[in-house]
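Subject: Structure for you to look at

Hello,

Here is the structure I said I would pass on. Please open it first and then read the notes below it.

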Amino acid sequence: MRYMLHLYRTEDETGISGTGFVADGMHFDDGTVVLKWRGPTSSVGVYRSLDDVRAIHGHGGKTEIKVCNPLNCECHGT
Ligand SMILES: [Zn+2]
């Protein structure tokens, strides 16, 4: 299965990324996740699995991983 996803941050601990949608990504068949961060210092990260993303960026639940439905997603227009 392959799908698009977003990282949605409810609280900004670092003061750098802000809150709301902070990254857009793609989840590939073998588990690999590619994330592109939003914002002026945008960078791209590659992770072995969704669990790794959660472990590195989850901040104890303050950053949620949202699956994107391109036809109906809050990421468009917010
Ligand atoms: Zn979306």
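**What was found**

V67 is found in strand β5. With 10 C-beta neighbours inside 10 Å, V67 counts as exposed, because a residue with 12 or fewer is put in that class. Leaving aside the residues within four places of it in sequence, V67 is in contact with Y3 and L5. D51 is 16 residues away from V67 in sequence, and the two C-alpha atoms are 14 Å apart.

Please keep in mind that this is a predicted model. The mean pLDDT of the chain is 87, and 95% of the residues score at least 70. Among the elements, β4 has the highest mean pLDDT, at 96, and α1 the lowest, at 91.

**The chain as a whole**

The chain contains five strands and one helix. Along the sequence they follow the pattern β-β-β-β-α-β, with the helix placed between the fourth strand and the last one. The C-alpha trace spans about 35 × 30 × 25 Å along its principal axes.

How does the radius of gyration of the chain compare with that of a compact globule? For 78 residues such a globule would have a value near 12 Å, and the chain has 12 Å, so the two agree. Of the 78 residues, 14% are buried. Of the contacts between residues at least 6 apart in sequence, 36% join residues at least 24 apart.

**The sheet**

In general, strands of a sheet pair through backbone hydrogen bonds, either parallel or antiparallel. Here the five strands form an open sheet with antiparallel pairing, in the order β4-β3-β2-β1-β5. Which strands stand at the edges? They are β4 (residues 44–47) and β5; each has a single partner strand, so one side of each is left without a neighbour in the sheet. On average, neighbouring strands are turned by 25° against each other, with direction ignored. Helix α1, residues 50–57, packs on this sheet and touches β1, β2, β3, β4 and β5. The direction of α1 makes about 145° with that of β5.

The pairs can be followed one at a time:

- β1 (residues 3–9) and β2 (residues 20–27) are antiparallel and share seven bridges. In this pair, H6 stands opposite D24 in β2.
- β1 is also joined to β5 (residues 63–68), by six bridges and again in the antiparallel sense. Y8 stands opposite E64 in β5.
- β3 and β4 run antiparallel and are joined by four bridges. V33 has Y47 in β4 as its bridge partner.

β3 and β4 also form a hairpin, with six residues between the two strands. In the turn, G39 has a positive phi of about 100°.

**Some residues to find**

D24 lies in strand β2. This residue has 16 other C-beta atoms within 10 Å and is therefore partly exposed. Apart from neighbours within four places in sequence, D24 is in contact with H6 and K36. H6 is also the residue that stands opposite D24. H59 is 35 residues from D24 along the chain, and their C-alpha atoms are separated by 17 Å.

V34 is found in strand β3. Is V34 buried, exposed or partly exposed? With 14 C-beta neighbours inside 10 Å, V34 counts as partly exposed. Its contacts, again without neighbours within four places in sequence, are G25, M26, V44 and V46. V34 and A23 are eleven residues apart in sequence, and their C-alpha atoms are 9.9 Å apart.

V33 comes just before V34 in the numbering. Beyond four places in sequence, V33 is in contact with G25, H27, Y47, S49, L50 and V53. Y47 is thus listed here as a contact and above as the bridge partner of V33.

Which residues make up the largest nonpolar core? There are five: L7, A23, V33, L35 and V53. V33 and V53, both part of this core, are also in contact with each other.

Regards

Terms used: This is a predicted model: local features need pLDDT of at least 70, side-chain atom pairs count only at pLDDT 80 or more; totals for chains, interfaces and linings use all residues. A nonpolar core is a set of buried Ala, Val, Leu, Ile, Met, Phe, Trp, Tyr and Cys residues joined through C-beta atoms within 7 Å. A residue is buried if 20 or more other C-beta atoms lie within 10 Å of its own, exposed if 12 or fewer, and partly exposed in between; C-beta atoms are placed from the backbone. Two residues are in contact if their C-beta atoms, placed from the backbone, lie within 7 Å. The radius of gyration is taken over C-alpha atoms; the globule rule is 2.2 Å times the number of residues to the power 0.38. Two strands pair if DSSP finds at least two bridges between them. Axes are lines fitted to C-alpha atoms, for helices over the stretch in contact, and angles run from 0 to 180 degrees between N-to-C directions. pLDDT is the predictor's confidence in each residue, from 0 to 100.
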